[in-house]
Amino acid sequence: MKSRWRLITTIGLMIFFLIGHTIGSLTRKDLKLENSMQTLQAMEKTLVELPGGLSNHTVDDFYQGMSLSLDISILLVIGILTICLADGQLPVRPKSKILLFAFFWTTCVSIISFCYIFPVPAFTCLFTAILLAIEWYIVNFKSERI
């Protein structure tokens with residue numbers, strides 16, 4: 001199958017993103033600047049204010065939870081792309097929908113990453129989205145309809 005290299009590359013890019021994000025999450029408290037350390041200390045002490053009152057969790061807890069949520073969603077996208085790659089009998093229509101989902105996710109993460117000046121994940125997701133768009137086009141318009 002000629003398109004396998006695109007899916008393998010997208011899975012590789014997402015694994016790279018997952019590893020980088022996980023390392024970044026685990027080392028985010030290794031700070032050297034005094035301003036950054038003060039900000040982190042404030043995050044660790046400040047409880048989150050919710051509409052019903054104060055939460056039992058700090059801003060730092062929420063930040064860590066959002067980071068873990070992104071790791072889980074990256075794993076989900078890797079799993080979805082692996083299904084597309086491994087299941088050679090997957091009909092065109094479901095595969096197309098799966099590719100569109102992955103394309104939408106990677107495009108959104110790329111845009112958000114560019115907005116918040118995270119260039120490595122931004123370009124990683126951008127390249128992944130381009131490959132997924134090409135794969136989606138080929139699946140929809142170049143392959144035989146089942």
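## Helix 1 and helix 4

Helix 1 and helix 4 (helices being DSSP runs of H or I with at least four residues, numbered from the N terminus) pack at an angle of about 35 degrees with their axes 13 Å apart, where axes are lines fitted to C-alpha atoms over the stretch in contact and angles run from 0 to 180 degrees between N-to-C directions. In this contact (heavy atoms within 4.5 Å), helix 1 contributes Leu7, Met14 and Phe17, while helix 4 contributes Lys95, Leu99, Trp105, Thr106 and Val109.

This is a predicted model, in which local features need pLDDT of at least 70 and side-chain atom pairs count only at pLDDT 80 or more, whereas totals for chains, interfaces and linings use all residues. Residues are numbered from 1 along each chain as its sequence is written, and side-chain values use heavy atoms, with hydrogens and water left out.

## Helix 4 and helix 5

The axes of helix 4 and helix 5 come within 8 Å and cross at roughly 155 degrees. The two helices are therefore roughly antiparallel to each other, a description used for angles over 145 degrees.

## The nonpolar core

The largest nonpolar core has 20 residues, and those with the most contacts inside it are Met14, Phe17, Leu81 and Trp105; such a core is a set of buried (under 20% relative accessible area, 1.4 Å probe, protein chains only) Ala, Val, Leu, Ile, Met, Phe, Trp, Tyr and Cys residues joined through side-chain atoms within 4.5 Å. Helix 3 (59-86) is one of the helices that supply at least two residues of this core, and helix 3 gives the most, with six residues.

Leaving aside neighbours within four places in sequence, Leu81 is in contact with Leu7, Thr10, Ile11, Met14, Ala102 and Leu132.

Notes: Buried < 20%, exposed > 50% of the residue type's maximum accessible area, 1.4 Å probe, protein only. Parallel < 35°, antiparallel > 145°, perpendicular 65-115°, else oblique.
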